[in-house]
Every structure is written in C-alpha cells, then in structure tokens.
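Please examine the sequence and the model shown below, and keep both in view while reading. The paragraphs that follow treat aromatic rings, a helix and an internal space in turn.

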Amino acid sequence: MPDLALISYIIVMSITPGPNNLMLATSGVNFGLRRTMPHLIGICLGCGVLCLCITFSFNAILSYIAAIRLPLAIFGCTYLLWLSWKIWLAGSPEGKSHAHPMSLIGAMLFQWVNPKAWLMLVNAAILFSIQDASITSNALLLSISFTLVGFPCVYVWALMGDRLRETLQIGWRLRLFNGVMAGSLAITALWLLWDEWKTFQALGA
C-alpha cells in the first residue's frame with residue numbers, strides 16, 4: 001500500500017497549476033466535462049505508464065537525464081506554446097467550431113514531453129522506491145498510485161472549467177478567459193524552459 005507521504009506528494013504535485021491542469025480547465029470551459037473526460041483519463045493513464053517506464057529503467061534514466069532533459073524540455077515547451085496559440089485562436093464561441101478536445105491517446109502521449117510530469121515522476125522514483133522491494137513491485141505501486149490518486153486532483157480542474165462554462169459563453173468573456181489561459185500556458189512553458197536551461201548550465205559547469 002502507498003504510504004501517506006507518497007499520497008501527499010501525488011496530491012500536491014497533481015493539483016497545483018501546471019500545463020495539464022491549465023489545459024483541463026480550458027477544455028472544461030470550451031467543451032464541457034463529458035467531452036473533456038478522455039483528456040482527463042489520458043493524463044492519469046499517461047502519468048501511470050510514464051511512471052512505470054521511468055521506474056523500470058531508473059538507472060538508465062539517471063545516467064542519461066542530463067542529456068535528455070533539455071531536448072525534452074525544448075520539445076515539450078514548444079508544443080505548449082503551440083497549444084497556447086491554438087487556445088488563443090479558439091477565443092470565441094464561433095472559433096470553437098474548428099476546435100476539439102484533446103483525445104485520450106493524445107493526452108497520454110503529451111506526458112512524455114511534459115516537463116512537469118518528468119520532474120514529478122523522476123523525483124517520485126528517487127524518493128519513494130522501497131529498498132527491500134523488487135523493481136516490479138516499486139514500479140507497479142508508483143504507477144497505480146499516480147493513476148488513481150492523481151485522477152481526483154486533475155478532475156477538479158476540468159470540473160471547475162465545466163462549472164464556469166455557462167458564465168463564459170458570452171463572446172467577450174470567453175475570449176478573455178481563453179486569452180488569459182493561453183497567456184498562462186505560454187508563460188508556464190517559457191518559465192519551464194528557462195528553469196531547464198539554468199539546470200543545464202549548472203550541470204555543465
């Protein structure tokens with residue numbers, strides 16, 4: 001069974017603002033909770049699968065983390081900037097006719113280039129691996145914990161967006177909301193990229 005420290009870690013890391021939660025809130029406003037559910041489930045399953053892979057290949061990940069983290073951050077943050085541009089373009093009820101929520105598979109795959117997901121899951125593998133347990137037990141425990149405990153945490157953001165949906169269907173309000181969320185996502189991407197660049201420079205020094 002996962003201990004209280006692990007559950008607390010997952011809750012804090014999953015419920016705090018980040019790329020996934022900003023996109024879920026935006027999707028909830030623009031498409032409603034039901035159409036956002038594949039996106040939401042994809043995030044949880046994607047984190048679980050990524051956690052499984054990281055824990056199983058932990059030694060290799062640690063050996064190559066300095067080499068792979070900056071390229072991953074650049075790719076992931078570029079994708080986030082593209083998503084923020086798409087959110088900006090879907091800034092009115094009329095603009096939504098060409099928009100659609102992220103799919104379950106798309107949300108799962110996004111976790112592989114999401115800098116926050118990598119930070120959260122690598123730290124979890126370091127902090128919460130049980131010394132006397134097999135690697136399979138560790139991997140399964142962490143993966144299932146992130147999938148199940150993370151679900152209600154990210155669900156809150158999609159639900160919040162859904163509850164705001166009716167209020168924000170007036171054109172200028174929706175444009176303002178999507179503009180703020182697009183800007184927040186872009187700032188998040190640039191901040192993550194800057195933080196990764198500083199880490200890269202520190203590791204190279």
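Which residues form one aromatic cluster with Tyr9? The other members of the cluster are Phe128 and Phe146. The model in which they are found is a predicted one.

Aromatic pairs are a convenient place to begin. Across the whole structure, a search finds six aromatic pairs. One of them joins Tyr9 and Phe128, with 5.4 Å from centre to centre and 55 degrees between the planes, an arrangement classed as tilted. Because Tyr9 belongs to helix α1 and Phe128 to helix α5, this pair ties together parts that lie 119 residues apart in sequence. Both partners are covered: Tyr9 is buried, its relative accessible area being 14%, and Phe128 is buried at 15%.

The rings of Tyr79 and Trp82 offer another example. Their centres are 5.8 Å apart and their planes meet at 20 degrees, so this pair counts as stacked; the limit for stacking is an angle under 30 degrees. Tyr79 and Trp82 both lie in helix α3, which covers residues 58–89, and they are three residues apart, about one turn of the helix. A general rule applies here: an α-helix has 3.6 residues a turn, so residues three or four places apart point the same way. Tyr79 is partly exposed, with a relative accessible area of 27%, and Trp82 is also partly exposed, with 45%.

Helix α5, which holds Phe128, deserves a closer look. Its 14 residues reach 20 Å from the first C-alpha to the last, close to the 20 Å expected at 1.5 Å a residue. At the N-terminal end of α5, Asn114 acts as a cap, with a side-chain oxygen 3.1 Å from the backbone nitrogen of Lys116. Helix α5 is mostly covered, since 10 of its 14 residues are buried; among them are Trp118, Met120, Leu121 and Phe128.

Met120 leads on to the internal space. Rolling a probe the size of a water molecule over the atoms shows where empty space is left. The structure holds one cavity of 30 Å³ or more, and the largest cavity contains about 160 Å³ of space. Its lining consists of 18 residues, with Ser14, Asn20, Cys47, Met120 and Val154 nearest the centre. Helices α1, α2, α5 and α6 each supply at least two residues of this lining, and α2 gives the most, with six. By character, the lining residues comprise nine nonpolar, eight polar and one charged.

Methods: Residues numbered from 1 in each chain as written. Predicted model: local features only at pLDDT ≥ 70, side-chain atom pairs only at ≥ 80, totals over all residues. Heavy atoms only, no water. 1 Å grid on protein atoms, 1.4 Å probe; cavity = no way out; pocket = protein on both sides within 12 Å on 5 of 7 lines; lining within 4 Å. Points joined across faces, edges and corners; volume = space filled by probe spheres on them. Helix = DSSP H or I, 4+ residues; strand = E, 2+ residues; numbered from the N terminus. Nonpolar A, V, L, I, M, F, W, Y, C, P; charged D, E, K, R; others polar. Expected span 1.5 Å × (residues − 1). Buried < 20%, exposed > 50% of the residue type's maximum accessible area, 1.4 Å probe, protein only. Polar contact = N/O pair within 3.5 Å; in protein donor to acceptor, adjacent residues only side chain to side chain. Phe/Tyr/Trp six-rings, centres within 6.5 Å; stacked < 30°, edge-to-face > 60°.
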